[in-house]
Amino acid sequence: MLELRPSCEGCGKTLPPDANDAMICSFECTFCEVCALTALRNVCPNCGGNFQHRPIRPAAMRQKHPASSERHAVGIDEASHAAFFARYRDIAASER
Ligand SMILES: [Zn+2]
Ligand SMILES: [Zn+2]
């Protein structure tokens, strides 16, 4: 089950479980759409993977299966991102 982390790890923007601008990588590193696609150019700074929009969790499911409330550190590791970006910038996500 997805954690549904509560905020963007790039800028700190709150991303509730019904946010339509939350994006995640396969490890659930979580960023807002602006950070994921503009600042990071669809390369996760932590693993080099790509991002997909995070599905919403319906309100009726959230009482039994609540979103995570644990905020992760805000801040992009620029050196790590630069290394992954140099390696993957011209490689389709499915080929990484
Ligand atoms: Zn952000
Ligand atoms: Zn990642």
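Glu28 is partly exposed, with 13 other C-beta atoms within 10 Å. Its place is the loop between E1 and E2. Phi of Glu28 is near 70°, a positive value in a residue other than glycine. Most residues other than glycine have a negative phi. The model that holds Glu28 is a predicted one.

Leu4 makes a useful second stop. Phi of Leu4 is near 60°, again positive in a residue that is not glycine. Leu4 sits in the segment before E1. Is Leu4 buried or exposed? Leu4 is buried, because 24 other C-beta atoms lie within 10 Å and 20 or more are needed to count as buried. Glu28 has 13 such atoms, so it falls in the partly exposed class, which lies between the buried limit of 20 or more and the exposed limit of 12 or fewer.

Now step back to the whole chain. The protein has three helices and three strands. From the N terminus on, these elements run β-β-α-β-α-α. How does the radius of gyration sit against the globule rule? The radius is 13 Å, close to the 12 Å that the rule gives for 96 residues, so the protein is as compact as a globular protein of that length. The C-alpha trace spans about 40 × 25 × 20 Å along its principal axes. Of the 96 residues, 28% count as buried. Contacts between residues at least 6 apart in sequence can also be sorted by their reach: 58% of them join residues at least 24 apart.

The strands come next. In what order do the three strands lie in the sheet? The order is E2-E1-E3, in an open sheet with antiparallel pairing. E2 and strand E3 (52-53) stand at the edges. Each of these two has a single partner strand, so one side of each is left without a neighbour in the sheet. E1 and E3 run antiparallel and are joined by two bridges. Look at Ile24 for one detail: its bridge partner in E3 is Gln52.

From the sheet, move to the nonpolar core. How many residues does the largest nonpolar core have? It has 17, and those with the most contacts inside it are Phe31, Cys32, Ala36 and Phe51. Strand E1 (22-24), strand E2 (30-32) and helix H1 (33-39) are the elements that give two or more residues to this core. The largest share, three residues, comes from E1.

Phe51 is a good place to look closer. Which residues does Phe51 touch, leaving out those up to four places away in sequence? They are Met23, Ile24, Cys25, Phe31, Ala36, Asn42 and Cys44. Two of these names are already familiar: Phe31 and Ala36 are listed with Phe51 among the residues with the most contacts in the core.

Helix H1 also holds Leu37. Leu37 counts as partly exposed, with 14 C-beta neighbours inside 10 Å. Leu37 and Tyr88 are 51 residues apart along the chain, and their C-alpha atoms are separated by 14 Å.

Three more residues lie outside the strands and helices. Pro16 belongs to the segment before E1. Pro16 is partly exposed, with 13 other C-beta atoms within 10 Å. From Pro16 to Cys35 is 19 residues in sequence and 16 Å in space, C-alpha to C-alpha.

Arg57 lies in the loop between E3 and helix H2 (59-62). Arg57 is partly exposed, with 17 C-beta neighbours inside 10 Å. What does Arg57 touch, not counting residues up to four places away in sequence? The answer is Leu4, Pro17, Arg62, His65 and Ala67. Among them, Leu4 is the buried residue met earlier. Arg57 and Ala67 are 10 residues apart in sequence and 8.4 Å apart, C-alpha to C-alpha.

Last comes His72, in the loop between H2 and helix H3 (78-88). His72 has 16 C-beta neighbours inside 10 Å and counts as partly exposed. Beyond residues up to four places away in sequence, His72 touches Arg5 and Glu9. Gly10 is 62 residues from His72 along the chain, and the C-alpha atoms of the two are separated by 9.8 Å.

Notes:
Residues numbered from 1 in each chain as written. Chains lettered and ligands numbered in written order. Predicted model: local features only at pLDDT ≥ 70, side-chain atom pairs only at ≥ 80, totals over all residues. Core = buried A, V, L, I, M, F, W, Y, C linked by C-beta atoms within 7 Å. Helix = DSSP H or I, 4+ residues; strand = E, 2+ residues; numbered from the N terminus. Contact = placed C-beta atoms within 7 Å. Rg over C-alpha atoms; globule rule 2.2 N^0.38 Å. Pairing = 2+ DSSP bridges.
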